[in-house]
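Please look over the chain shown here. A short report on its strands, cores and one polar contact follows.

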Amino acid sequence: MGPIHAQILDELGYDPDDGRPQLGELPVLAVGQVVAARDGARPVAVARLGSGRLVVVADECPHDGGKISDGYVEGDRIVCARHGWELVACEGRCVRAVDR
């Protein structure tokens, strides 16, 4: 990382080159698709639920901080790929914690 990149990190508080597109740059998502994005500096997961509803949630599992965007959609829930925790996406809460 060069000095300019370090300065950008310091001023913005995040790495704009981390591969996450901004919300406005995302393509149309298919039902069941979940992707990583940014809402400004905040990492988010964007998902098209089974009902067709589009949701944006913090990209962090309440269990251990893993990326929700690595998970998958099951109905109207997003399931964390790491440990199977199920999140009610519209409410941002865990409904089923799996002990793995």
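Which residue in β3 does Val 46 stand opposite? The partner of Val 46 in β3 is Val 56.

## Model and confidence

This is a predicted model. The protein chain has an average pLDDT of 81. At least 70 is reached by 72% of the residues.

Confidence varies along the protein chain. It is highest in strand β4, residues 72–74, with a mean of 94. It is lowest in strand β7, residues 93–96, where the mean is 53.

## The three-stranded sheet

Three strands make up an open sheet. Their order is β1-β2-β3, and the pairing is antiparallel. The edges are β1 (34–39) and β3 (54–58), each of which pairs on one side only. From one strand to the next, the twist averages 35 degrees. In general, strands of a sheet pair through backbone hydrogen bonds.

## Pairing in detail

Six bridges link β1 and β2 in the antiparallel sense. Strand β2 covers residues 42–48 and is joined to β3 by five bridges, again antiparallel.

Val 46 can be followed across both pairings. Towards β1, Val 46 of β2 is the bridge partner of Val 35. Towards β3, Val 46 stands opposite Val 56.

The hairpin of β1 and β2 has two residues between the strands. In this hairpin, Gly 40 adopts a positive phi near 70 degrees.

## Nonpolar cores

How many residues does the largest nonpolar core have? The count is 14. Ala 47, Leu 49, Val 55, Ile 68 and Ile 78 have the most contacts inside this core. Strands β2 and β3 each contribute at least two of its residues.

Another core lies apart from the largest one and has five residues. Among them are Leu 29, Val 35, Val 44 and Val 46. Two of these names recur from the pairing above: Val 35 and Val 46 are bridge partners.

## His 83 in its loop

His 83 sits in the loop between β5 (77–79) and β6 (86–88). Is His 83 buried or exposed? His 83 counts as buried because its relative accessibility is 17%, and the cut-off for buried is under 20%.

What does the side chain of His 83 contact? The side chain of His 83 makes a polar contact with the side chain of Asp 64, at 3.5 Å. His 83 thus combines a loop position, a buried state and a side-chain polar contact.

Methods: Residues are numbered from 1 along each chain as its sequence is written. This is a predicted model: local features need pLDDT of at least 70, side-chain atom pairs count only at pLDDT 80 or more; totals for chains, interfaces and linings use all residues. Side-chain values use heavy atoms; hydrogens and water are left out. Two strands pair if DSSP finds at least two bridges between them. Helices (H or I, at least four residues) and strands (E, at least two) are DSSP runs, numbered from the N terminus. Axes are lines fitted to C-alpha atoms, for helices over the stretch in contact, and angles run from 0 to 180 degrees between N-to-C directions. pLDDT is the predictor's confidence in each residue, from 0 to 100. A nonpolar core is a set of buried Ala, Val, Leu, Ile, Met, Phe, Trp, Tyr and Cys residues joined through side-chain atoms within 4.5 Å. Buried means under 20% relative accessible area, exposed over 50%, partly exposed in between (1.4 Å probe, protein chains only). A polar contact is a pair of N or O atoms within 3.5 Å; within protein, one must be able to donate a hydrogen and the other to accept it, and residues adjacent in sequence count only if both atoms are side-chain atoms.
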